[in-house]
Structures are given as structure tokens and as C-alpha cells.
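Dear colleague,

I am handing over the structure that you will be working with this week. Please open it beside this message and follow the notes below with the chains on your screen.

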Amino acid sequence: MHIAWNWGIFFQPAPFGDTTYLGWLWSGFLMTIFLSISAGVIAFIVGSFFGILRTLPNRFFSIIGTAYVEIFRNIPLIIHLFVWVYVIPEILPESMKEWLFDLEPSFFIFLMATIALGLFTGARICEQLRTAIQSLPAGQKNAGIALGLTLRQIYLYILLPNAYRRVLPPLTSEMLNMVKNSAVASTIGIVELSKQASQLLEHASTPYESFIAVTIGYIIINICVMKTMQYIEKRTRLPGSLGGK
Amino acid sequence: MISLRNISKWYGEFQVLKDCTTHVGKGEVVVVCGPSGSGKSTLIKTVNALEPIQQGTIIVDNVNVTNKATNLAKLRSKVGMVFQHFELFPHLSIVKNLTLAQVKVLKRDEEEATKKALTLLDRVGLLAHAQKFPGQLSGGQQQRVAIARALCMDPVVMLFDEPTSALDPEMVNEVLDVMVELAYEGMTMMVVTHEMGFARKVANRILFMDEGTIIEDTTKEQFFTNPQSDRAKDFLAKIIH
Amino acid sequence: MEFDWSGIIPNLPYILKGMKITLQITVVAVIFGIIWGTVLAVMRLSSIKIISWLAKAYVNTFRTIPLVMVLLWFYLLVPQILSNIFHLPASTDIRLISAIVAFSLFEAAYYSEIMRAGIQSISKGQLNAALALGMTKIQGMYLVVLPQAFRIMAPLLLTQGIILFQDTTLVYVLSLFDFFYQSVEIVGKRDGTYVEMILFAACVYFIICFAASSLVNYIKSRIA
């Protein structure tokens with residue numbers, strides 16, 4: 001199979017958007033990063049909240065946490081995105097609906113994609129954190145109780161600092177998954193990296209070059225995520241633990 | 001100081017404590033021993049309500065532990081406890097391990113708490129390690145830190161739940177030495193242990209348990225020279241070579 | 001708003017046709033994914049550097065790229081290869097075939113990581129015992145090590161199958177008429193019941209996946 005490489009394609013003007021093909025890729029790259037960061041923040045907060053909820057000695061709280069996780073684990077991401085864009089606005093009260101539809105359409109879609117992707121990833125983080133908290137030795141909690149600490153204090157000062165350290169490695173892979181999952185948002189009209197790739201395939205007729213360029217884009221994001229997480233892991237690693245100082 | 005009256009506890013169908021009654025006076029050192037699974041660890045954990053009980057009454061320092069209205073956190077802060085697996089908090093430095101509950105529970109200010117912590121670390125011979133983390137210390141050192149952590153709270157009584165059984169043999173004595181010293185100073189202590197040397201040296205009384213029942217509750221002289229029950233005789237024969 | 005659920009029953013033939021496509025992709029991709037994934041895992045653990053490097057490069061590449069991209073890429077690539085090999089007429093609908101190929105090759109990367117963990121969890125003594133009995137390395141692998149690894153990893157392999165089943169919804173980007181596309185974009189759009197059909201699809205996926213993962217948990221408790 002012979003391929004006539006044409007890397008110059010990226011510097012040619014794109015058919016629309018008043019930019020080059022490289023400009024298309026760059027804007028998709030930025031969109032993937034924006035979407036991932038904002039969804040990541042939601043995922044971390046919501047995941048932490050429900051993860052802690054699921055470990056509390058209260059049946060009601062743990063049922064709520066379980067319901068959240070099961071709903072997001074058993075329904076494909078694309079359907080969550082469709083629900084947030086097409087269904088949720090329909091069932092909201094009139095005033096909120098108007099507010100949403102008054103938004104810039106592209107911002108509306110970005111907002112909904114962020115929420116859907118954030119909640120979806122949050123369900124995974126919730127499970128990781130719950131497992132981490134439950135895998136801490138029971139004696140740690142007992143030692144806190146024996147010292148007279150309250151449950152809130154035990155979580156805040158003893159359980160969570162250790163659970164978050166344990167959760168860092170799986171958190172890294174959840175974040176990487178989330179970056180990849182952000183590509184699914186192209187189905188509801190977010191023009192991120194993979195959407196730009198398919199536009200490139202359509203207009204530029206240089207499939208191999210386009211594919212390689214986009215793959216490199218994802219690799220760059222992956223490396224950034226991994227380096228950031230490695231840095232956090234290194235900074236929070238305890239002296240005397242495996243690999244510590 | 002500690003008074004257990006007719007306490008019983010079940011795990012589902014299984015009864016782990018059967019009608020246990022005993023008393024630990026101020027300044028007394030009581031050693032609890034018995035074969036594994038006899039309920040001795042469970043018994044000591046009922047004293048600060050880490051293990052809830054279904055029947056009976058527990059009074060510690062004139063406070064009724066079993067009363068629902070009791071402020072358990074306040075009571076627990078006066079009852080020091082040392083665990084089999086140390087349970088130091090791995091993410092905190094040694095000195096922070098000692099100050100955490102002082103600041104958060106007793107509301108001491110940071111400076112006062114640190115001063116207290118350093119004094120007690122000095123007392124267990126580990127002042128030089130104050131800024132290290134638990135993972136950097138040996139088991140014996142960690143357990144001495146755990147004792148210091150409990151002492152920081154100015155406890156009226158100390159509970160020890162098999163404090164040396166997770167240690168390598170060469171580290172057992174450094175921990176026992178600290179405990180012996182504590183006993184000589186007049187601390188009220190309840191100790192679950194198999195270390196009969198320790199019991200001989202400092203115990204006022206011995207509780208021998210089997211299958212959830214306190215079978216003997218006597219002076220150490222009586223227990224070692226003339227145990228009443230066959231089960232205690234068996235136990236002593238196995239443990240003392 | 002008022003929901004109108006009446007469109008579901010009369011449209012069941014369409015919806016089931018979509019479900020057939022979904023299941024087709026899932027089943028074929030699970031089978032080929034596990035087989036190819038196992039081969040990759042064995043390659044990855046090979047002592048021959050180049051083989052292990054190739055497997056590692058394959059797995060890491062597929063794990064870096066979003067599935068949506070892989071699907072588009074294969075949609076583009078497969079026709080070229082197929083027409084080169086089989087001289088297919090240009091009009092053949094290759095969307096289903098390219099989706100199946102893409103899913104098989106993509107999921108194999110994930111299955112290979114599961115199998116690698118499974119193989120590594122079997123003690124080295126097992127392979128040594130097989131070698132001591134006169135088996136070759138390959139015999140020891142597929143007669144002794146792999147059966148044990150499959151058993152240990154069965155719950156994870158099945159869970160990955162459930163994930164794959166959910167992932168098949170992404171053939172949306174190829175406009176392939178799977179269950180989701182058929183229900184929402186065809187039936188829903190035609191009848192003006194878009195919202196209802198999205199919720200219907202969500203419920204169907206939830207019921208199937210929840211039942212399947214409960215089954216996996218049951219199997220896990222039986223194995224343990």
C-alpha cells in the first residue's frame with residue numbers, strides 16, 4: 001500500500017472558519033481540554049460527595065449513593081449526553097427552561113456536556129473513593145474514636161487524607177478515560193478534537209496525516225494528565241511508605 | 001475506676017461475652033489473658049464503648065458508659081487506648097499524631113499541645129523522631145509513640161489491647177518497659193496480653209477468660225501458684241515453658 | 001410536558017432489528033477481543049523483546065485513542081483493505097463490518113490488560129511445574145496457566161463485555177442502525193417522540209446492564 005504523504009495540508013486554508021486545517025485541530029484540541037477540565041472538577045466534587053456518603057453508617061445515604069452509581073454505570077454515556085441536552089430542558093420548570101434556551105446555543109451544549117460527562121465520571125470516582133475508604137484498616141477509625149474525635153473529625157483528619165492518597169493511581173486512569181470519553185460529546189455537537197478529525201477526513205482527503213495528528217493531540221493530553229498526577233503523587237507521598245523519601 | 005456489671009454481648013446468634021463482671025480500682029493493674037477467641041479483646045473494647053453491648057452496665061470514672069445520654073467522645077478522651085496494630089495515622093508526622101486529638105478534642109492550642117507531645121515523646125525515648133512519619137519507625141518505636149499519643153490526653157485509665165503481639169520478638173521489651181514504668185507511676189491499667197512476665201512483675205490482679213466467660217479473677221500470686229480451674233492450668237502449662 | 005409512550009409497541013420490529021445489530025457487534029467483538037487480547041497478553045509477557053514491545057505498543061496506542069476516533073478510522077480504512085483483498089464492489093455497505101473489526105481490535109487492547117493481570121497472578125511455580133513435566137512453554141501456557149487465569153479473571157472479562165455492550169452505542173457516529181440509533185434517530189425523530197425514545201433507550205440499557213452486572217456479582221461470589 002503506497003501512501004503519498006502530504007503534511008503541508010495542515011497549513012492550507014480550511015474551507016470555512018477563516019483558518020488553516022491546523023487551526024481546526026488547535027481549536028478542537030482546546031475544546032477537548034476545556035471540556036475535560038470543567039467536567040473533571042464536577043466529577044471530583046460530586047464523586048467525593050457520593051463516595052463519602054456511601055461509607056456513612058446510614059442506610060438512607062448509602063442507598064442514594066448506590067442509586068447514583070448504578071444509574072451512571074449501567075447507561076451508556078451517549079444516552080446521558082442526549083438526556084441532558086434533549087430531555088432535561090423539557091422537564092424543567094418554565095423559568096429555568098427559558099433561561100437555558102436564552103443561553104448562547106454553543107454554551108448551552110457545552111454546559112450540558114460538562115454536566116453529563118462530569119456526573120458520569122463522578123460515579124466512577126465515587127466508587128474508587130468508597131473502596132479506598134473501606135480498605136483502610138478498621139483500627140484507624142477505632143483509634144480516632146478512642147481518642148474522642150467525632151465522626152466528622154475522623155473523616156476530615158484521618159480517613160480522607162489517607163483515602164485520597166490511595167485513590168490517586170485509579171484517579172489518574174479515570175481522568176485519562178474522561179479525556180477519551182469527551183470525544184463522545186461530538187455526537188451532541190461539541191466540536192472537539194475527534195470531531196475536527198472527522199471534519200478533516202471529510203474535507204482534506206488526507207486521512208493518514210489527519211489521523212496521526214489527532215492521535216498526537218490525544219497523546220499530548222494524556223502525557224499532561226499523567227505528569228500532573230505523578231507530580232501530585234510525589235508531593236503527597238509519605239516518608240517511609242513504598243517509594244517515599 | 002472501671003466497673004463492669006453483668007455484661008453480655010452477641011454477634012447475631014453467637015454470644016461473645018457471657019455475663020462478665022469485674023472491677024478495676026484506681027491505680028490497679030489488671031491483666032486479662034486467655035486463649036484466642038476467648039473474648040478478651042472484645043471485653044476491653046467495651047470499656048470505652050468501641051464494642052457496644054446488649055446487656056449489663058459499665059461505669060468508668062463515675063460515668064455510665066452504657067447510658068445513651070453519655071457523651072462518649074468526652075469519656076473516650078479520658079480513656080487511653082493502645083491497639084495491637086498501633087494505628088498511628090500514617091499521613092501525619094509523629095508529633096502531629098500526638099497533637100491532633102489534643103487540639104481537636106481537648107481544644108488545647110497548638111503550642112501547648114506540641115510541648116506536651118514532645119515531653120511525652122522524650123519520656124518514651126523517641127524525642128529525636130518527632131518530625132518523622134510512622135512508616136519510618138520500627139514496630140516497637142511505633143507502639144511507644146502510640147502509648148505517648150494516648151498519654152497526651154491525660155487519661156485516667158489506660159487500656160492495652162495485645163500491645164506486643166504484632167511485634168517482632170526483639171521489640172517486645174522496649175514496649176513492655178514503658179508499660180512497666182507507667183504501672184509503677186500508679187496509672188490505672190487494663191491490659192490484654194500473653195506476656196506473663198509482665199503480669200508477674202506489675203499486675204495486681206489477673207482475669208482469665210475462656211469462651212466469653214471470666215473464669216478466674218484473682219491476685220497474680222493465686223493465679224500463678226494455684227489456679228483454680230482446669231482450663232487456666234492448661235493455659236498456663238502451654239504458655240509457660 | 002406530556003409523555004407519549006404509545007409509539008414503542010408498534011415500533012418494536014424496528015427496535016428489535018436495531019437490538020440485533022447491537023448484539024451482533026457485542027458478541028463478535030467479545031469473542032474476537034478475548035482471543036486476540038489473550039494472544040496479545042502472552043506476547044506482552046514474552047521474553048523476546050521485540051514481540052513484547054509490539055504488543056505493548058498496540059495496547060497503549062488503542063488505549064490512548066477515543067473509541068469514536070477508532071470507529072471513524074476503521075470506517076475509512078477497512079473498505080480500502082477489503083477491496084484490496086476481496087475486490088468488493090464499491091457499493092457494499094461496510095459500516096457494520098468496519099464497526100465489528102474496530103470493536104474487536106479496540107476491545108482486545110482492554111482484554112489483553114485483564115488477561116495479563118490474570119496470567120501474572122498465577123504463580124511462576126505453575127509454569128515451572130509444567131515445564132518439569134516435559135511440556136513446552138506454549139503447552140504450559142495454554143494447558144496450565146491460561147485456564148487458571150481465565151477462571152480468576154472471568155468476572156472482569158464479563159464486566160468488560162457489559163462495558164462493550166454499552167460502548168456499541170457509539171456506532172452512532174457511523175449512522176449505523178443499532179438499537180439506540182434505530183430507537184432515537186429513526187423512530188423517535190419520525191414520530192416526534194425523541195424525548196420518550198431517549199428515556200426508553202436509557203431504561204432498556206439500565207435493565208439489561210444492571211441484570212448482567214448482578215449476574216456477574218453472583219458468579220464472582222460463587223467463584224470466591
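**What was found**

In chain B, Val30(B) has Arg205(B), in strand 9, as its bridge partner. That pair belongs to strand 3 (residues 29-33) and strand 9 (residues 205-210) of chain B, which run parallel and are joined by 4 bridges; two strands are taken to pair if DSSP finds at least two bridges between them, and helices (H or I, at least four residues) and strands (E, at least two) are DSSP runs, numbered from the N terminus.

Before going further, please keep in mind that this is a predicted model, in which local features need pLDDT of at least 70 and side-chain atom pairs count only at pLDDT 80 or more, while totals for chains, interfaces and linings use all residues. Residues are numbered from 1 along each chain as its sequence is written, chains are lettered from A and ligands numbered from 1 in the order in which they are written, and side-chain values use heavy atoms, with hydrogens and water left out.

**The sheets of chain B**

Strands 3 and 9 belong to an open sheet of 6 strands in chain B, in the order 6-7-8-3-9-10, with mixed pairing. Strand 6 and strand 10 (213-219) of chain B are its edge strands, each pairing on one side only, and from one strand to the next the twist averages 15 degrees. Helix 6 (residues 169-184) of chain B lies across strand 3, strand 7 and strand 8 (188-192), and runs at about 145 degrees to strand 8 of chain B; here the axes are lines fitted to C-alpha atoms, for helices over the stretch in contact, and angles run from 0 to 180 degrees between N-to-C directions, with contact meaning heavy atoms within 4.5 Å.

Chain B also has an open sheet of 4 strands in the order 2-1-4-5, where the pairing is antiparallel. Strand 2 (14-24) and strand 5 (63-64) of chain B stand at the edges with a single partner strand each, so one side of each is left without a neighbour in the sheet. Within this sheet, strand 1 (residues 2-11) and strand 4 (residues 55-60) of chain B pair in the antiparallel sense over 5 bridges, and Ser3(B) has Ile59(B), in strand 4, as its bridge partner. Helix 1 (residues 40-47) of chain B lies across strand 1, strand 2 and strand 4, at about 120 degrees to strand 1 of chain B.

According to an unreviewed UniProt entry, the annotation "domain: ABC transporter" covers residues 2-236 of chain B; UniProt positions are given in the numbering used here, feature names are shortened, and annotations may be inferred rather than shown by experiment. That span, residues 2-236 of chain B, is 38% helix and 26% strand.

**A salt bridge in chain B**

Over all chains, a search of the whole structure finds 23 salt bridges, a salt bridge being a side-chain nitrogen of Lys or Arg within 4 Å of a carboxyl oxygen of Asp or Glu. One of them joins Arg108(B) to Asp154(B), whose closest N and O atoms are 2.6 Å apart. Arg108(B) lies in the loop between helix 3 and helix 4 (110-123) of chain B, and Asp154(B) in the loop between helix 5 (139-151) and strand 7 (157-161) of chain B, so the pair ties together parts that are 46 residues apart in sequence.

**How the chains meet**

Of the 2 pairs of chains that touch, chains A and C have the most contacts between them, with 32 residues of chain A in contact with 34 residues of chain C. Chain A and chain C bury about 3000 Å² between them, of which carbon and sulfur atoms give 80%; buried area is the accessible area (1.4 Å probe) that two parts lose on being put together, summed over both. Between chain A and chain C the count is 0 salt bridges.

The contact of chain B with chain A takes 23 residues from chain B and 21 residues from chain A, and buries about 1900 Å², 67% of it on carbon and sulfur atoms. No contact joins chain B and chain C, and their closest C-alpha atoms lie 22 Å apart.

**Chain C**

Chain C has 8 helices and 0 strands. The "transmembrane region" annotation of an unreviewed UniProt entry covers, among others, residues 21-43 of chain C, a stretch that is 100% helix, with its end C-alpha atoms 32 Å apart.

With best wishes
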